[in-house]
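Please open the structure in a viewer and keep the selection panel at hand. The tour proceeds by selections, each followed by what is found there.

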Amino acid sequence: MYVRVRLPLWAQFLKNLFSFLLKILYLRMKKNILLFCSVAFLASCKPEPPKDYVTLSGKITNPNDDLILEIRKGKDYLKTITLKEDGSFSDTLKLVEEGKYFLIHNKENASLYLANGDITSFTLNTKEFDETLKFEGGNADKSNFLIENYLLNETLLGESASENVIAFTKQFDLYKEQYNELKAKYKLDTSFTNPEDQNIDDTEGYYLEYFKKKANLIKEFAGKPSANFNNYENYRGGTTSLSDLKGKYVYVDIWATWCGPCKAEIPALKKVEKAYEGKNIEFVSISVDDLKDKEAWKAMVADKELGGIQLFADNSWESDFTKTFKVNSIPRFLLIDPNGNVVSPDAPRPSSAKLLEMLDAQNI
């Protein structure tokens with residue numbers, strides 16, 4: 001038989017007080033648990049701070065034997081990355097600032113845009129360096145724009161656009177049209193495109209100034225006796241002067257071992273030399289390398305198996321011959337006739353079909 005026992009008043013009071021205290025303690029613990037869980041949840045949702053470095057990876061097909069990739073920004077930044085045997089790589093770069101950099105491999109280079117925090121990759125085939133270069137991730141749109149704009153410039157503003165002002169103006173209008181289409185394709189912000197637009201204006205000004213200078217050179221030198229180069233060191237031994245070659249046409253190539261566009265003309269120059277082998281013309285290449293780089297000049301002549309007459313200028317850019325002809329950029333080409341008179345003080349490059357037209361017009 002169940003018997004209900006009535007507690008005395010003091011015991012009932014203690015029971016109620018104890019229950020009340022337990023309830024307060026439970027509520028406080030529940031609140032703390034909820035607060036802890038909320039803090040933990042928010043902490044897990046908080047985004048990681050941006051990384052202060054770039055993650056760069058990719059693969060180069062047909063890499064050079066040295067398996068070295070360089071990332072440069074002028075003379076102030078250099079990161080050297082070693083490729084695996086198959087040309088793949090992955091590394092990090094801590095940048096001083098966001099902006100345009102250069103990737104360099106096997107004496108070829110291209111622009112890319114990097115910012116700390118980027119995870120960027122690219123692929124390329126060295127047999128078609130610029131044509132196959134493709135970026136993904138990070139600021140890939142800006143990098144791809146830079147390489148496509150370079151190819152556009154090279155295609156539309158090459159040798160043919162340099163023939164005269166009319167040809168240049170026509171090609172340059174086409175270039176600007178396709179340049180604007182390229183900007184729209186990648187939807188780039190103005191902070192990036194404004195400097196690129198300025199480069200377009202600068203390029204137009206450069207070409208117009210070039211045509212003006214070329215016209216002045218022709219007016220000043222064409223048909224007149226050429227300045228002489230005297231006793232320039234000959235790679236094959238001894239010295240050579242322009243006067244030693246009197247009675248022959250002389251096609252002069254002013255170049256340097258460090259000049260990329262100069263070296264790009266070497267294959268075409270070899271073809272022209274072969275085409276006119278045995279005819280009344282000498283092909284003379286004059287290096288304006290500094291004296292300290294003479295051994296590098298000799299090494300390149302041997303390594304590239306350069307033909308013609310290879311000479312080393314007596315005072316680099318300050319040589320009388322280069323100063324007289326106002327040579328301030330290279331490569332520069334001149335054509336001199338058998339009597340020592342200037343046919344052209346700014347002749348077409350070996351890669352231009354205009355050179356063969358000029359040589360054939362002389363009935364060499």
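Begin by selecting Asp253, Trp255, Cys262, Glu265, Ile266, Leu269, Lys270, Glu273, Ser285, Leu306, Gly307 and Gln310, the residues that line the largest cavity. Two elements each give two or more residues to this lining, namely β11 (249-255) and α7 (266-275). The model in view is a predicted one. Colour α7 next: with 4 residues, α7 gives the most to the lining of the largest cavity. The space enclosed in the largest cavity comes to about 100 Å³. Colouring the lining by class shows 5 nonpolar, 3 polar and 4 charged residues.

How many cavities of 30 Å³ or more does the structure hold? There are 2 of them, and the next selection shows the second largest. Select Asn234, Tyr235, Arg236, Leu306, Gly307, Gly308, Ile309 and Gln310, which line the second largest cavity. Keep Leu306, Gly307 and Gln310 highlighted, as these residues appear in the lining of the largest cavity and also in that of the second largest cavity. About 30 Å³ of space lies in the second largest cavity. Its lining consists of 3 nonpolar, 4 polar and 1 charged residues.

Now turn from the cavities to a pocket. Which residues line the second largest pocket? Select Arg72, Lys73, Gly74, Phe102, Ile104 and Asn109 to display that lining. Show β2 (68-73) and β5 (99-105) as ribbons, since each of these strands supplies at least two residues of the lining of the second largest pocket. The second largest pocket holds about 210 Å³ of space. By class, the residues of its lining divide into 2 nonpolar, 2 polar and 2 charged.

The last stop is a single side chain. Select Lys142, which lies in helix α3 (residues 140-156). Is Lys142 buried or exposed? The relative accessible area of Lys142 is 10%, so this residue counts as buried, the cut-off being under 20%. To see what surrounds Lys142, add Glu98, Tyr113, Leu188, Asp189 and Phe192 to the selection: Lys142 touches each of these, residues up to four places away in sequence being left out of the count. With these residues shown as sticks, the acidic side chains to pick out in the contact list of Lys142 are Glu98 and Asp189.

Definitions and conventions:
Residues are numbered from 1 along each chain as its sequence is written. This is a predicted model: local features need pLDDT of at least 70, side-chain atom pairs count only at pLDDT 80 or more; totals for chains, interfaces and linings use all residues. Side-chain values use heavy atoms; hydrogens and water are left out. On a 1 Å grid over the protein atoms alone, a cavity is a set of points where a 1.4 Å probe fits but cannot get out, and a pocket is an open set with protein on both sides within 12 Å along at least five of seven lines; lining residues have an atom within 4 Å of a point. Grid points are joined across faces, edges and corners, and a volume is the space filled by probe spheres set on the points. Ala, Val, Leu, Ile, Met, Phe, Trp, Tyr, Cys and Pro count as nonpolar, Asp, Glu, Lys and Arg as charged, and the others, Gly among them, as polar. Buried means under 20% relative accessible area, exposed over 50%, partly exposed in between (1.4 Å probe, protein chains only). Contact means heavy atoms within 4.5 Å.
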